[in-house]
Amino acid sequence: MSSNKLEEYLVEKGLFLTAIFSIIIILIIIAFIFREGFPIFQEYGVLNFIFGMNWAPSDEQYGVFTMIVGSLCITGLSLLMAVPLSILCAIFMAEIAPKTFRKILKPTIETLAGIPSVVYGFFGLIVLVPLVRVQFGGTGFSMLTASIILTIMILPTIISVSEDALRSVPHEYKEASLALGATQWQTIKNVIFPAAIPGVITAIILGMGRAVGETLAVIMVAGNVTQIPNSILDPVRALTSNIALEMGYATGVHYNALFGTAIVLFIMIMVLLVIANYFHYKKKVVIGGGYL
Amino acid sequence: MQTVFWASGIITVIILLVIIGYILIKGLPAINLEFLLAEPIDSGESGGIAPMIVSSIYVTLVAGIVAAPLGVGAAVYLAEYAGENKVVKLIRFGAETLASIPSIVFGLFGLSFFVIFLGMGWSLFAGGLVLALMALPTIFQVAEVSIEAVPRSYREGSLALGATKWETIYRVVLPAAIPGITTGVILGLARAISEAAAIMFVVGSALSMPISIFDPGRPLPLHLYVLATEGISMENAFGTAAVMVILILIITVVTNTLVERYQKKMMGR
Amino acid sequence: MNRIEVEDLNVCFDDAHILKDINIKIPKNTVTALIGPSGCGKSTFIRTLNRMNDVISGFKHTGMIYLDGEDIYDPKIDVVDLRKKVGMVFQKPNPFPKSIFDNVAYGMKVHGISDKDVIQERVEESLKSAALWDEVKDKLDKSAMGLSGGQQQRLCIARTIAIEPEVILMDEPCSALDPISTTKIEDLIHKLKDDFTIIIVTHNMQQATRVSKYTSFFLHGEIVESNLTERLFLEPEDKRTEDYITGRFG
Ligand SMILES: Nc1ncnc2c1ncn2[C@@H]1O[C@H](COP(=O)(O)OP(=O)(O)OP(=O)(O)O)[C@@H](O)[C@H]1O
Ligand SMILES: [Mg+2]
């Protein structure tokens with residue numbers, strides 16, 4: 001009898017430990033990233049670091065502003081392409097597509113989410129870079145190329161979360177509208193889509209988070225020059241790329257500066273996450289792993 | 001308007017077909033038994049990818065063994081034991097945050113914590129641990145949803161027969177939730193097996209065949225990255241990419257079939 | 001002799017006072033029916049008898065419930081042991097998504113019986129008692145979810161019998177079943193009453209007269225009247241009982 005109770009007690013406590021493991025890990029991650037990154041803020045100054053235009057480790061120049069702009073530009077441009085396409089596709093899946101076609105689309109989107117990002121990067125390098133070079137000129141390594149690859153990579157996230165949001169609009173709304181004589185398109189435009197907007201916004205933010213955090217696919221096609229781009233055909237360097245490109249040989253202050261880059265990245269992601277949570281969309285992203 | 005919607009759906013399918021088709025058409029010719037079983041020669045310019053396959057298996061195994069119990073345990077706790085309180089909200093937010101951290105940041109963390117601070121050195125084991133952290137939130141979230149979806153009547157039936165709460169969970173609830181939990185674990189591990197950025201500074205990128213999990217190694221995605229960006233061999237890069245794509249497709253199809261079969265057997269259809 | 005005695009039982013969920021001053025004595029090896037309109041607290045009452053309400057947050061009770069003279073809410077009582085003695089069959093059949101055999105063996109396994117022969121034997125015995133053996137003996141390893149609703153409910157009864165309880169609580173066990181399955185279960189109840197004390201909640205007054213020796217009428221969380229079933233239906237003492245059984249409300 002009491003052995004039963006003891007077992008129950010131990011199990012519950014054990015499970016509790018697994019549950020708070022995530023929190024502990026997050027704290028350790030934050031601690032270590034800040035521990036290694038903080039010295040750069042002290043040595044170089046927070047403002048110099050964030051707003052500095054020059055990144056030249058050999059000259060002890062550690063300004064990441066061009067990369068913040070780079071990350072934002074790539075992300076913005078890819079959202080510009082991905083958002084319309086994915087919202088259309090989500091509405092199509094939730095409301096219009098016949099069952100048979102949905103049966104093709106769903107696994108398609110799951111597979112798109114499952115393709116490794118290096119494979120996307122490789123595809124971009126081999127196919128898109130030459131394509132952009134031939135069509136638009138320049139080297140082909142550009143903000144545009146990176147954005148196209150990111151567009152494809154964030155499609156599944158935005159589509160599946162938006163579709164969930166559209167599907168969770170209560171049936172009565174739709175029926176009421178149709179009963180009033182509205183056409184299907186009017187119903188979607190005036191009733192279903194507006195009701196799903198918070199979910200769709202969450203979907204977009206999640207896609208944005210994925211785009212900001214993507215590393216290797218971007219490195220392979222973006223050109224990685226630390227400059228503010230003048231046109232979408234200019235090469236740019238993202239924050240993530242900066243870390244991946246230089247961590248292999250960085251030492252001393254340079255090493256700290258890369259962790260500093262990670263801090264900036266981490267803060268950007270946290271802001272997005274908090275905004276996403278604000279829209280209070282409780283549905284989980286089942287494919288592609290987690291929230292962002 | 002109809003056409004625009006149809007176009008969006010068709011474009012999505014075409015994108016997938018083009019990418020997968022291109023990789024497979026260019027990559028399949030490079031794949032043969034020797035490519036799969038031989039060690040690379042001249043940094044991968046020729047030879048095969050056997051050590052990379054083994055490395056990938058090692059890191060994925062470590063990630064699975066570490067992340068699956070933690071993720072499922074946390075899901076069980078939240079679904080069965082915890083009410084809705086502050087700690088639970090914090091745990092959920094923790095999982096979301098973990099899922100949102102960019103892979104390269106995990107890479108830095110792995111380097112500074114596992115490799116340097118804990119003194120593990122460059123090893124597949126350390127890489128597996130980093131990947132476990134990345135897979136954890138997916139496993140947790142999907143498992144929680146599927147545990148919550150188990151009907152309450154199963155739990156009551158078991159309790160009424162005099163089973164304790166824990167007996168009820170592991171004899172009735174978990175078996176009923178297995179399809180969902182498996183899907184979650186596979187999704188998490190698929191993410192782990194595809195990851196390169198998070199482990200590039202952790203696994204040591206060695207080309208030789210790893211003997212134990214504590215050796216350095218170079219999983220497939222990292223090998224592809226190196227081959228492609230250093231321009232070592234496009235042919236082998238295609239081969240490696242094709243192997244990864246096939247691997248992911250096989251994993252997806254096999255789990256889906258197994259899960260479906262188990263579900264059918266369980267529900268007596 | 002009485003198997004269960006309930007004295008001044010009051011039950012609240014948070015602030016809602018669901019059961020008021022319940023007093024009832026349930027004699028050994030008989031069938032007692034509980035009738036009353038929807039929401040009057042029948043389910044709540046029988047779920048207090050095996051402490052299934054314990055898991056519901058906000059559940060509070062006062063008063064005493066004795067099983068064979070022992071207070072079942074005594075902190076020294078292990079609910080697991082209690083539920084072994086007081087089995088329960090639910091309104092909707094709820095077999096586990098396991099094989100037919102495993103469903104019946106489940107209770108024995110959680111109570112630490114591991115001898116294969118014993119389990120085998122008792123599974124067969126229980127299925128026979130539940131009048132299900134002939135229908136399932138060739139597919140014991142098939143999932144219980146593939147059975148019909150009536151078969152599933154008899155399986156749930158077999159599962160309960162297999163742990164050899166003293167009391168079996170049945171909460172509207174036939175409400176999800178067709179007339180033929182219902183008849184089978186009623187026959188089964190007749191058979192079981194020699195060995196078990198059965199408490200059955202039912203909405204069907206014919207059913208109450210067919211299966212039970214005693215009947216209690218619940219209304220708004222109170223017991224209005226308890227009597228021999230025959231007496232209660234033929235000469236109800238309370239006006240409200242009369243109204244209810246003649247179909248004037250509820
Ligand atoms: N978990 C709960 N929390 C709060 N109130 C509850 C809970 N369960 C039941 N109640 C309330 O207790 C009252 C009695 O419910 P109960 O299920 O016992 O009725 P019943 O007689 O079994 O009805 P029915 O014939 O419809 O099954 C109802 O008013 C119900 O709303
Ligand atoms: Mg009821």
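This is a friendly talk between a colleague and a modeller about a predicted model.

Colleague: Let's start with chain A. What makes up its secondary structure?

Modeller: Chain A has 11 helices and 2 strands. Starting at the N terminus, the order is α-α-β-β and then α-α-α-α-α-α-α-α-α. The C-alpha trace spans about 75 × 70 × 30 Å along its principal axes. Of the 292 residues in chain A, 55% count as buried.

Colleague: How do you know that Glu95(A) and Lys174(A) form a salt bridge?

Modeller: The cut-off is 4 Å between a side-chain nitrogen of Lys or Arg and a carboxyl oxygen of Asp or Glu. For Glu95(A) and Lys174(A), the closest N and O atoms are 3.2 Å apart. That value is within 4 Å, so the pair qualifies.

Colleague: What makes this pair a tie between separate parts of chain A?

Modeller: Glu95(A) belongs to helix α3, residues 65-96, while Lys174(A) belongs to helix α7, residues 171-179. The pair ties together parts that are 79 residues apart in sequence.

Colleague: Why is Glu95(A) called buried, and why is Lys174(A) called partly exposed?

Modeller: Buried means under 20% relative accessible area, and partly exposed lies between that and the 50% above which a residue is exposed. Glu95(A) has 16% relative accessibility, so it counts as buried. Lys174(A) has 26%, so it counts as partly exposed.

Colleague: Now chain B. Why is the meeting of Glu144(B) and Arg92(B) called a salt bridge?

Modeller: The N to O distance is 2.5 Å. Since the limit is 4 Å, the pair passes. Glu144(B) sits in helix α6 (residues 124-148) and Arg92(B) in helix α4 (residues 86-100), 52 residues apart. Glu144(B) and Arg92(B) are both buried.

Colleague: What about chain C: how do you know that Glu164(C) and Arg122(C) form a salt bridge?

Modeller: Their closest N and O atoms are 3.7 Å apart, and this is within 4 Å, so the rule is met. Glu164(C) lies in the loop between α6 (149-162) and β7 (167-171), and Arg122(C) in helix α4 (residues 116-129). Arg122(C) has a relative accessible area of 16% and is therefore buried.

Colleague: How many salt bridges are there over all chains, and how many between chain B and chain A?

Modeller: The count over all chains is 22 salt bridges. Between chain B and chain A, the count is 0.

Colleague: How do you know that chain B and chain A are in contact?

Modeller: Contact means heavy atoms within 4.5 Å. By that rule, 81 residues of chain B are in contact with 79 residues of chain A. The area buried between the two chains is about 7100 Å², with carbon and sulfur atoms giving 83% of it. On the chain B side, Phe5(B), Ile19(B) and Leu108(B) lose the most area to chain A, together 9% of what that side buries.

Colleague: One last topic, backbone angles. What makes Asp8(C) and Asn29(C) worth a look?

Modeller: Most residues other than glycine have a negative phi. Asp8(C) is not a glycine, yet its phi is positive, about 45°. Asn29(C) is also a residue other than glycine, with a positive phi near 45°. Asp8(C) is placed in strand β1, residues 2-13, and Asn29(C) in the loop between β2 (16-27) and β3 (31-35).

Colleague: Why is each of them called partly exposed?

Modeller: Partly exposed runs between 20% and 50%. Asp8(C) has a relative accessible area of 44%, so it fits. Asn29(C), with 30%, fits too.

Notes. Residues are numbered from 1 along each chain as its sequence is written. Chains are lettered from A and ligands numbered from 1 in the order in which they are written. This is a predicted model: local features need pLDDT of at least 70, side-chain atom pairs count only at pLDDT 80 or more; totals for chains, interfaces and linings use all residues. Side-chain values use heavy atoms; hydrogens and water are left out. Helices (H or I, at least four residues) and strands (E, at least two) are DSSP runs, numbered from the N terminus. Buried means under 20% relative accessible area, exposed over 50%, partly exposed in between (1.4 Å probe, protein chains only). Buried area is the accessible area (1.4 Å probe) that two parts lose on being put together, summed over both.
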